[in-house]
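Let's take a walk through this structure together. Keep the sequence and the 3D view open as you read, and hop back to them whenever a residue comes up.

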Amino acid sequence: MKTPIKLADYPDNPDLFWDLSSIINKNKAAEFFKRVAKAFCVYSPTVKKVYSNFEVLLAGSEREGIIVLPDPYAFHDTFSHINEAAIKKTGVILYPGAAINQNGLLIGIPLGNEKRMRHLSFTTAINFLNRIYQKKIGIEFLPVLVNGDLREFAAKTPYLHLHRLDTRGLTDQSNFEKNDIGSAIKDKFSNITPLITKNA
C-alpha cells in the first residue's frame with residue numbers, strides 16, 4: 001500500500017504550490033486548472049524537472065492556492081536535468097470558450113510585437129502554432145505549464161499562459177532522451193481532445 005503523498009514530502013520545491021491569492025474567482029480558476037491540467041506536463045525550475053504524472057489538489061484553507069503533486073513512484077514520468085533556458089515563454093493563452101459564450105477551449109496568439117491577440121478555436125490554433133514553429137525553428141509546439149501560468153482576465157475568467165519546451169536547449173540529454181521528453185509532452189497534450197468541444 002502506498003504512503004499518502006503530502007506537500008511536506010517536497011520541502012525543497014516551492015514550485016508545487018500555486019498561489020491564487022491575487023485571483024478573485026479562486027474556485028473558478030482552480031476548477032479550470034484541474035480540468036485542463038490533465039493535458040499538460042508541468043515544469044519546475046527549482047528542481048529542473050518536468051512532471052507528466054501528478055495530482056492537482058486544493059491547498060488548505062490557510063493557504064489560498066492549489067498543489068501540483070507529482071507521483072514519486074512514477075519514475076518514468078519525471079524528466080530531470082531540464083535546463084530552464086529550454087523553457088520558453090510564448091505569450092499564447094488558453095481559456096474557456098464560455099468567456100465569450102462559446103463551447104470548449106479557445107487560444108489567443110499574440111500578433112507580432114503588438115499588444116493585440118488573435119483568438120482562434122483550439123484545433124485551428126494548435127495547427128497554426130505547429131506550422132509556425134516547424135517553419136521557423138524546425139520543431140513542434142510542445143506546451144508545458146510553469147508556476148504562475150494560471151491567471152485571470154478582468155472579467156474574473158481564468159486563463160493559462162503556455163510555456164513551451166525547446167528541445168534544442170536541452171544540453172544533458174541524448175537525442176533519444178530529447179525525443180522521449182517531447183513524446184511525453186505530446187502524449188499528455190492529446191488528453192485535451194475531449195475538452196475541445198465541451199464547456200471547460
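Residues 24 or more positions apart account for 64% of the contacts in the chain with a separation of 6 or more, where contact means heavy atoms within 4.5 Å. What we have here is a predicted model, in which local features need pLDDT of at least 70 and side-chain atom pairs count only at pLDDT 80 or more, while totals for chains, interfaces and linings use all residues. Residues are numbered from 1 along each chain as its sequence is written, and side-chain values use heavy atoms, with hydrogens and water left out.

The chain has four helices and 12 strands; these are DSSP runs numbered from the N terminus, with helices being H or I runs of at least four residues and strands E runs of at least two. Of its 200 residues, 47% count as buried. Buried means under 20% relative accessible area, exposed means over 50%, and partly exposed is in between, using a 1.4 Å probe and protein chains only.

Start with helix H1, residues 26–36. Its buried residues are Ala29, Ala30, Phe32, Phe33 and Val36. They sit on the same side of H1, because they cover an arc of only 160° around the axis; that arc is taken from the directions from the helix axis to the C-beta atoms.

Two lysines of H1 are worth a stop. Lys26, in this helix, is partly exposed, with a relative accessible area of 23%. Leaving aside neighbours within four places in sequence, Lys26 is in contact with Leu20, Ser21 and Glu64. Its C-alpha atom is separated by 8.8 Å from that of Pro158, although the two residues are 132 apart along the chain. Lys28 is also placed in H1, and at 40% relative accessibility it counts as partly exposed. Not counting residues up to four places away in sequence, Lys28 touches Lys156, Thr157 and Pro158. Lys28 and Glu152 make another long-range pair: 124 residues apart in sequence, 9.8 Å apart in space, C-alpha to C-alpha.

Now jump to helix H3, which runs over residues 175–189. How far should its 15 residues span at 1.5 Å a residue? The expected span is 1.5 Å times one less than the number of residues, so H3 should span 21 Å, and its end C-alpha atoms are indeed 21 Å apart.

Which residues of H3 are buried? They are Lys178, Ile181, Gly182, Ala184, Ile185, Lys188 and Phe189. These cover an arc of only 150° around the axis, which puts them on the same side of H3. Turn to the face pointing away from that buried side, and you'll find the exposed residues Asn175, Phe176, Asn179 and Asp187. What covers the buried residues includes strands S2 (41–44), S4 (54–58), S6 (78–79), S10 (143–146) and S12 (158–165), along with helix H2.

Take Gly182 as one example from H3. At 7% relative accessibility, Gly182 counts as buried. Gly182 and Glu140 are 42 residues apart in sequence, and 8.7 Å apart in space, C-alpha to C-alpha.

Helix H2 turns up again at the largest pocket, where it supplies six residues, the largest share of the lining. The pocket has a volume of about 260 Å³. On a 1 Å grid over the protein atoms alone, a pocket is an open set of points with protein on both sides within 12 Å along at least five of seven lines, and lining residues have an atom within 4 Å of a point. The volume is the space filled by probe spheres (1.4 Å) set on the points, which are joined across faces, edges and corners.

Of the 14 lining residues, the closest to the pocket's centre are Ile109, Leu129, Ile132, Tyr133 and Lys136. Strand S7 (87–96), strand S8 (105–110) and H2 (122–137) each supply at least two residues of the lining. By class, the lining has nine nonpolar, two polar and three charged residues. Here Ala, Val, Leu, Ile, Met, Phe, Trp, Tyr, Cys and Pro count as nonpolar, Asp, Glu, Lys and Arg as charged, and the others, Gly among them, as polar.

Last, a look at two loops. Most residues other than glycine have a negative phi. Lys48, in the loop between S2 and strand S3 (49–51), has a positive phi of about 55° although it is not a glycine. His81, in the loop between S6 and S7, has a positive phi near 60°. Lys48 counts as partly exposed at 36% relative accessibility, whereas His81 is exposed, with a relative accessible area of 54%.
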